[in-house]
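The following exercises are to be worked with the sequence and the three-dimensional structure at hand. Each task is followed by a solution in steps.

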Amino acid sequence: MKQSRTITIKTAEELDILREAGKILSKIIKEVQCSLKSGISTEQIDQLTEKLIKDYKVIPAFKGYRGFPACACISTNEEVVHGIPGKRILREGDIVSLDVGIIYKNYYSDTAVTAGIGNISSELERLLQVTNDSLYEGIKQAKVDSKLSNISHAIQKYVEGNNFSVVREFVGHGIGKNLHEDPEIPNFGPPDTGPVLKEGMVLAIEPMVNIGSWQTRILSDGWTVVTGDGKQSAHFEHSVAITKNGPEILTE
Ligand code: MG
């Protein structure tokens, strides 16, 4: 959802707040990731996320956002994004995507990671590796005077070069005083189009990668996005600042 019409340029003070927000969020998601094990429910993962958010004295960005009922989006196996935590129990061999956002001093930070439960198949290992690597391929293009779609193109090229597909219907976004700011950042498209990137822009880059075809559908809960073919999907995301020294990953 667009909440601003132009791409905001953050001041040095705003960037410092976003750095702090990113550090806190990174600690939270790493702690949650450490708790993942066979037998845990997605609801329990969300409860831990909520506790950590409270402990760090920040505000959950997703809970209540357009009615979303939880602090974390938790998407398992064939679920792509926006999974609602619930009774589903994670089992050895599953993959689970955690997407968490926080508000710190009125600024937003957003990150996502996909992890395996116990031993996962070599195909799923490769899916996770390629999706994470594609995020870094995109991040490399987040530099001053480059065009936005170079990020999109780098992600698509890397993913498709590894014989997976990129989701089309959901995209990355600018971030700052709002969770979703301009620009939208697709994970596909031709190079060298779109706005020119400037120092002080902050982008949430978030490839969603499917083992099978790129098509998705939304379940009747109105939130959970699943792959059209039922095959697994992975999602990695970082909030990234564009600086004169190159991309600065805020949520690492
Ligand atoms: Mg996001």
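**Exercise 1.** Determine which residues isoleucine 24 is in contact with, leaving aside its neighbours within four places in sequence, and decide whether isoleucine 24 is buried or exposed.

*Solution.* The model examined here is predicted.
Step 1: Isoleucine 24 is located in helix α1.
Step 2: With the sequence neighbours set aside, the contacts of isoleucine 24 are Tyr56, Val58, Ile102 and Tyr104.
Step 3: For one of these partners, Ile102, the chain separation from isoleucine 24 is 78 residues, while the two C-alpha atoms are 8.8 Å apart.
Step 4: The relative accessibility of isoleucine 24 is 11%. Buried means under 20%, so isoleucine 24 counts as buried.

**Exercise 2.** Describe the surroundings of serine 35, beginning with its place in the loop between α1 and α2.

*Solution.*
Step 1: The loop that holds serine 35 runs between α1 and α2, the latter comprising residues 42–55.
Step 2: A polar atom of the serine 35 side chain lies 2.6 Å from the backbone oxygen of valine 32.
Step 3: Not counting residues up to four places away in sequence, serine 35 touches Ile40 and Leu48.
Step 4: Serine 35 has a relative accessible area of 18% and is therefore buried, as the limit is under 20%.
Step 5: By contrast with these contacts, the C-alpha atoms of serine 35 and isoleucine 211 are separated by 26 Å.

**Exercise 3.** Identify the protein donors of the magnesium ion and state how they are spaced in sequence.

*Solution.*
Step 1: The donors are Asp110 (OD), His173 (NE2), Glu206 (OE) and Glu237 (OE), at 2.1 to 2.4 Å from the magnesium ion.
Step 2: Along the sequence, the donor residues follow the spacing D-x62-H-x32-E-x30-E.
Step 3: Aspartate 110 belongs to strand β5 (residues 107–116), and glutamate 237 to the loop between β13 (233–235) and β14 (238–243); this pair links distant parts of the chain, 127 residues apart.
Step 4: Aspartate 110 is buried, at a relative accessible area of 2%, and glutamate 237 is buried at 0%.

**Exercise 4.** Establish which polar contacts the side chain of serine 233 makes.

*Solution.*
Step 1: Serine 233 lies in strand β13 and is buried, with 1% relative accessibility.
Step 2: Its side chain reaches the backbone oxygen of valine 209 at 3.2 Å.
Step 3: The serine 233 side chain also makes a polar contact of 2.7 Å with the side chain of asparagine 210.
Step 4: Beyond four places in sequence, the contacts of serine 233 include Asn77, Glu79, Ile95, Leu127 and Thr227.

**Exercise 5.** Find the backbone atoms that the side chain of threonine 243 reaches.

*Solution.*
Step 1: Threonine 243 is part of strand β14 and counts as buried at 13% relative accessibility.
Step 2: The threonine 243 side chain reaches the backbone nitrogen of asparagine 245 at 3.1 Å and the backbone oxygen of glycine 246 at 2.6 Å.
Step 3: Residues up to four places away being left out, threonine 243 touches Val144, Glu199 and Glu248.

**Exercise 6.** Characterise the second largest pocket by its volume and by the classes of its lining residues.

*Solution.*
Step 1: The volume of the second largest pocket is about 200 Å³.
Step 2: There are 16 lining residues, of which Gln33, Ala112, Val113, Phe236 and His238 are the closest to the centre of the pocket.
Step 3: At least two lining residues come from each of α1 (12–34), β5 and α3 (122–140).
Step 4: Sorted by class, the lining consists of six nonpolar, seven polar and three charged residues.

Notes:
Residues numbered from 1 in each chain as written. Predicted model: local features only at pLDDT ≥ 70, side-chain atom pairs only at ≥ 80, totals over all residues. Heavy atoms only, no water. Donors = N, O, S within 2.8 Å, 3.2 Å for Na, K, Ca; no water. Helix = DSSP H or I, 4+ residues; strand = E, 2+ residues; numbered from the N terminus. Buried < 20%, exposed > 50% of the residue type's maximum accessible area, 1.4 Å probe, protein only. Polar contact = N/O pair within 3.5 Å; in protein donor to acceptor, adjacent residues only side chain to side chain. Contact = heavy atoms within 4.5 Å. 1 Å grid on protein atoms, 1.4 Å probe; cavity = no way out; pocket = protein on both sides within 12 Å on 5 of 7 lines; lining within 4 Å. Points joined across faces, edges and corners; volume = space filled by probe spheres on them. Nonpolar A, V, L, I, M, F, W, Y, C, P; charged D, E, K, R; others polar.
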